[in-house]
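Q: Please take a close look at one loop position in this model and the contacts made there. Please then follow the chain outward from that position to the surrounding strands and the nonpolar interior.

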Amino acid sequence: MDTDGIIEYHSIISVNHESLGEWISVYPNPVSNGKLKVKPEVSENDITGKDALNSEGQLVGNYTPDSFMGDIQLPQGVPCGMYIIQINISGKSLVKKIWVQ
């Protein structure tokens with residue numbers, strides 16, 4: 001019922017929602033040696049890039065498909081704190097939060 005008291009019926013629509021988060025595992029979390037493993041459940045050919053951003057959104061590492069083989073090595077000396085790993089898959093972006101100790 002609407003605010004004017006009129007009842008209307010509509011057909012049901014379906015929404016197909018695929019979660020990219022289920023396609024990628026990033027571990028260990030928290031990170032203690034600066035090295036992350038990225039385990040894709042999709043073909044590595046679908047991954048077009050990985051970025052590491054600090055909590056302020058500043059880029060601290062950019063990894064092209066040629067520069068990683070399932071691993072991300074954070075730059076030496078990154079301070080402890082929260083970081084965001086952004087993985088680009090077939091035109092979509094997946095964001096994972098990690099902690100660096």
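A: In this predicted model, Asp46 touches Asn88, Ile89 and Ser90, once residues up to four places away in sequence are set aside. Asp46 belongs to the loop that connects E2 and E3. The C-alpha atoms of Asp46 and Asn88 lie 8.3 Å apart in space, although 42 residues separate the two in sequence. Asp46 has a relative accessible area of 32% and therefore counts as partly exposed, since the partly exposed class lies between 20% and 50%.

A second aspartate, Asp51, is found in strand E3, which spans residues 47-54. In contrast to the partly exposed Asp46, Asp51 is buried. No salt bridge is formed by Asp51, and the nearest side chain of opposite charge, that of Lys50, is 11 Å away. The side chain of Asp51 does, however, make a polar contact of 2.5 Å with the side chain of Asn62. With neighbours within four places in sequence left aside, the contacts of Asp51 are Leu59, Gly61, Asn62, Tyr63, Ile84, Ile85, Gln86 and Asn88. Asn88 thus appears among the contacts of Asp51 and also among those of Asp46.

The pairing of E3 with strand E4 (residues 59-63) is antiparallel and comprises 4 bridges. Within this pairing, Lys50 has Tyr63 of E4 as its bridge partner. The hairpin formed by E3 and E4 has 4 residues between the strands, and Gly57 adopts a positive phi near 85 degrees there. As a general rule, most residues other than glycine have a negative phi.

On the other side of the Asp46 loop is E2, which covers residues 35-40. Side chains in a regular strand alternate between the two faces of the sheet. In E2, Leu36, Val38 and Pro40 point to one face and are buried, whereas Lys35, Lys37 and Lys39 point to the other face and are not buried. E2 pairs with E1 in the antiparallel sense over 4 bridges, and Ser25 has Lys39 of E2 as its bridge partner. E2 is also joined to strand E5 (residues 71-73), again antiparallel, by 3 bridges. Leu36 stands opposite Ile72 of E5.

The loop between E1 (24-27) and E2 contains Pro28 and also Pro30. Peptide bonds are mostly trans. The bond from Tyr27 to Pro28 is nevertheless cis, with omega near -5 degrees. A cis bond also joins Asn29 to Pro30, with omega about 15 degrees.

In soluble globular proteins, nonpolar side chains tend to be buried together. The largest nonpolar core here has 17 residues, of which Ile24, Ile87 and Ile98 touch the most other members. Two or more residues of this core come from each of E1, E2, E3, E6 (81-89) and E7 (92-100). E6 gives the most, with 4 residues. Ile98 is in contact with Val26, Asn29, Val31, Leu36, Leu74, Gly81, Met82, Tyr83 and Ile85, leaving aside neighbours within four places in sequence. Asn29, which contributes to one of the cis bonds, is thus among the contacts of Ile98, as is Leu36, a member of the buried face of E2. Ile85 is likewise in contact with Ile98 and appears among the contacts of Asp51.

Note on methods. Residues are numbered from 1 along each chain as its sequence is written. This is a predicted model: local features need pLDDT of at least 70, side-chain atom pairs count only at pLDDT 80 or more; totals for chains, interfaces and linings use all residues. Side-chain values use heavy atoms; hydrogens and water are left out. Buried means under 20% relative accessible area, exposed over 50%, partly exposed in between (1.4 Å probe, protein chains only). Lys and Arg count as positive and Asp and Glu as negative; His and the chain ends are not counted. A salt bridge is a side-chain nitrogen of Lys or Arg within 4 Å of a carboxyl oxygen of Asp or Glu. A polar contact is a pair of N or O atoms within 3.5 Å; within protein, one must be able to donate a hydrogen and the other to accept it, and residues adjacent in sequence count only if both atoms are side-chain atoms. Contact means heavy atoms within 4.5 Å. Two strands pair if DSSP finds at least two bridges between them. A nonpolar core is a set of buried Ala, Val, Leu, Ile, Met, Phe, Trp, Tyr and Cys residues joined through side-chain atoms within 4.5 Å.
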